[in-house]
Amino acid sequence: MSLLSLEHLTKRFPEGRGHTTVLEDLSLQVDAGDFVGIWGMRRSGKTTLLRVAAGRELPDQGSVWFDGHEMTSMSPDRRAALQRRNGIGLLSSDWRPERNNPAVEHVALPLLSDGMSLHEARHPAWKALERVGAAQWAHVPAARLSQSERIRVALAQILVHEPRVLLVDEPAVLPRPSDGAELFDLLRSLGGSSGLAVVIASEDIAPIRKARRLMSLGSGKLRPSDERGTLVPFPERTAARKRSQP
Amino acid sequence: MPQGTSDRRHASGSPLRGALLALLVNEGEPLSGYRLATLVERRLGPAWRVTRQSVYGALERLVEDGLVSSAAKVTFQGVAEGQRVYSATDRASAALEAWMESPATREPMRVELQARIALSRAHDAPHLLRALDAYERDCFEMLRRSSETEVPMGSWVGLAMNLTRVAVDESLQADLRWIALARRWIEEFLAERSAQQGR
């Protein structure tokens, strides 16, 4: 069984007097250590797909399974618990720190709501910052971080809960291409080292170019690039082969 | 015809000719067709889909034009081997300069699927949608292949190879957008027609 399984999802939003279908009978399986890249135009439903996969929104039809549990039939509290320890993390590129605390405190914040003291939370927060190559900015106030540094702190804030699935919504295209390439390599390496499954949805192909599985999202459907379709054998050759067999 | 004009003419033509000429001039030593094919594929990237056959064809034409000479490879003992090696002639450098100096023009669009759509009829729509799916998979495959080789920046060759890769990326990105748009327009057309027929 897959770690995360989206089965026959349909999601509609009201539009004018009717509705618009954003996801239509969409299915996707994600295994541990997977690295999936989803390409889609603006307004193709990437954010909706990731939010439904993360349990932040419910589909109109279909189900989402995580680690053998059906998230779509859970209570909101249980679903929210999945955002915490060993669950599903969702990284959005529009992360803005609410307070101007040092980076390490921002990363520790989710652990405080789990009941840890700031003193206890600092160690795992440091570890998470180290994992994303941002330990050197641990004491820098969030407002003084560059966009590239801020994304890494936001990533550490998710990794501090040691998720098993990391969903990345539209990674920002960073001003310097080398910063972007380093970030995308980091996202890829996170999966390789720990079995963390990474799913990136992006309008730009740069963040997903090294994904193990590439697919496109459009008209509510996912189209995997590794599905070659049915091969129809050339009739005469097939017949000749049959004749030559004893 | 003056020699310079002739070399200018020879330098134009397929980019593969120019690339082979550049490699032979810049490497400064005889190279086998196999080695040249490997080098040109590495420098241009997999998106060019350079075949061995096309390399040998271009080399033959460069030999005919007097820009490249070919000889049997000779071992250290002075014995001729079966393999042929190619070298730049005295005229090659001027031809290469002329190629680099020549104005670049936008190549014509020759995507077979675009021609198919241009000449299609409404009842071809389902075939075109399947063809768009296949074309999209091809784009993703090209993206995957062009991501396999990475060259660090810092040197001129690194910069040039990365620029070539980015050109492929940008072109693939545009293709993917066009595919998504074509799919949407065709699907909307079919839905509209089906609604009209239902009324």
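This report describes the helices, cores, chain contact and selected residues of a two-chain model. The model is predicted.

## Chain A and the nonpolar cores

Chain A contains seven helices and ten strands. Of its 246 residues, 41% are buried. When contacts in chain A between residues at least 6 apart in sequence are considered, 68% of them join residues at least 24 apart.

The largest nonpolar core comprises 73 residues, and Val107(A), Ala156(A), Leu167(A) and Val199(A) have the most contacts inside it. Helix H5 of chain A, residues 147-159, gives the most to this core, namely seven residues. The surroundings of Val107(A) illustrate the packing. Beyond its neighbours within four places in sequence, Val107(A) is in contact with Ala125(A), Ala128(A), Leu129(A), Val153(A), Ala156(A), Gln157(A) and Val160(A). A second core, separate and of 22 residues, includes Val55(B), Ala88(B), Leu96(B) and Trp99(B).

## Helix H1 of chain A and its flanks

Helix H1 of chain A spans residues 46-53 and contains Thr47(A). Six of the eight residues of H1(A) are buried, so the helix is largely enclosed by the rest of the structure. The buried residues are Lys46(A), Thr48(A), Leu49(A), Leu50(A), Val52(A) and Ala53(A). Thr47(A), by contrast, counts as partly exposed because it has 18 C-beta neighbours inside 10 Å, whereas a buried residue needs 20 or more. The C-alpha atoms of Thr47(A) and Ser202(A) are 9.3 Å apart in space, although the two residues are 155 apart in sequence.

Backbone angles of note occur on either side of this helix. In the loop between S3 and H1 of chain A lies Arg43(A), which has a positive phi of about 65° although it is not a glycine. Arg43(A) is exposed, because 11 other C-beta atoms lie within 10 Å. H1(A) is followed by Gly55(A), with a positive phi near 80°.

Chain B offers a further non-glycine case. Arg49(B), in the loop between H3 and H4 of chain B, has a positive phi of about 50°. Arg49(B) is likewise exposed, since 11 other C-beta atoms lie within 10 Å.

## Helices H2 and H4 of chain B

Helix H2 (residues 15-27) and helix H4 (residues 52-64) of chain B pack at an angle of about 75°, and their axes are 10 Å apart. H2(B) is therefore roughly perpendicular to H4(B). From H2(B), the residues Leu16(B), Arg17(B), Leu20(B) and Leu21(B) take part in the contact; they meet Ser54(B), Val55(B), Ala58(B), Leu59(B), Arg61(B) and Leu62(B) of H4(B). By class, the residues of this contact are seven nonpolar, one polar and two charged. Val55(B), one of the H4(B) residues in the contact, also belongs to the second core.

## Helices H7 and H8 of chain B

The spans of two helices of chain B are set out below.

| Helix | Number of residues | End-to-end C-alpha distance | Expected span |
|---|---|---|---|
| H7(B) | 24 residues | 35 Å | 34 Å |
| H8(B) | 43 residues | 63 Å | 63 Å |

For H7(B), the distance between the end C-alpha atoms agrees with the span expected at 1.5 Å a residue. For H8(B), residues 156-198, the reach from first to last C-alpha is close to expectation.

The buried residues of H7(B) are Glu136(B), Arg137(B), Cys139(B), Phe140(B), Leu143(B) and Ser146(B). Their cover includes S9 and strand S10 (221-224) of chain A, together with H8 of chain B. In H8(B), the buried residues are Met161(B), Leu172(B), Leu176(B), Ile179(B), Ala180(B) and Arg183(B). These pack against strands S3 (35-40) and S9 (213-218) of chain A and against helices H3 (33-44) and H7 (125-148) of chain B. Strand S9 of chain A thus appears in the surroundings of the buried residues of H7(B) and of H8(B).

## The contact between the chains

In the contact between the chains, 17 residues of chain B touch twelve residues of chain A. On the side of chain B, the elements that give two or more residues are H7 and H8. H8(B) supplies the largest share, nine residues. By class, the side of chain B that touches chain A has five nonpolar, two polar and ten charged residues.

Technical notes. Residues numbered from 1 in each chain as written. Chains lettered and ligands numbered in written order. Predicted model: local features only at pLDDT ≥ 70, side-chain atom pairs only at ≥ 80, totals over all residues. Helix = DSSP H or I, 4+ residues; strand = E, 2+ residues; numbered from the N terminus. Expected span 1.5 Å × (residues − 1). Buried ≥ 20, exposed ≤ 12 C-beta atoms within 10 Å, placed from the backbone. Contact = placed C-beta atoms within 7 Å. Core = buried A, V, L, I, M, F, W, Y, C linked by C-beta atoms within 7 Å. Axes fitted to C-alpha atoms, helices over the stretch in contact; angles between N-to-C directions. Parallel < 35°, antiparallel > 145°, perpendicular 65-115°, else oblique. Nonpolar A, V, L, I, M, F, W, Y, C, P; charged D, E, K, R; others polar.
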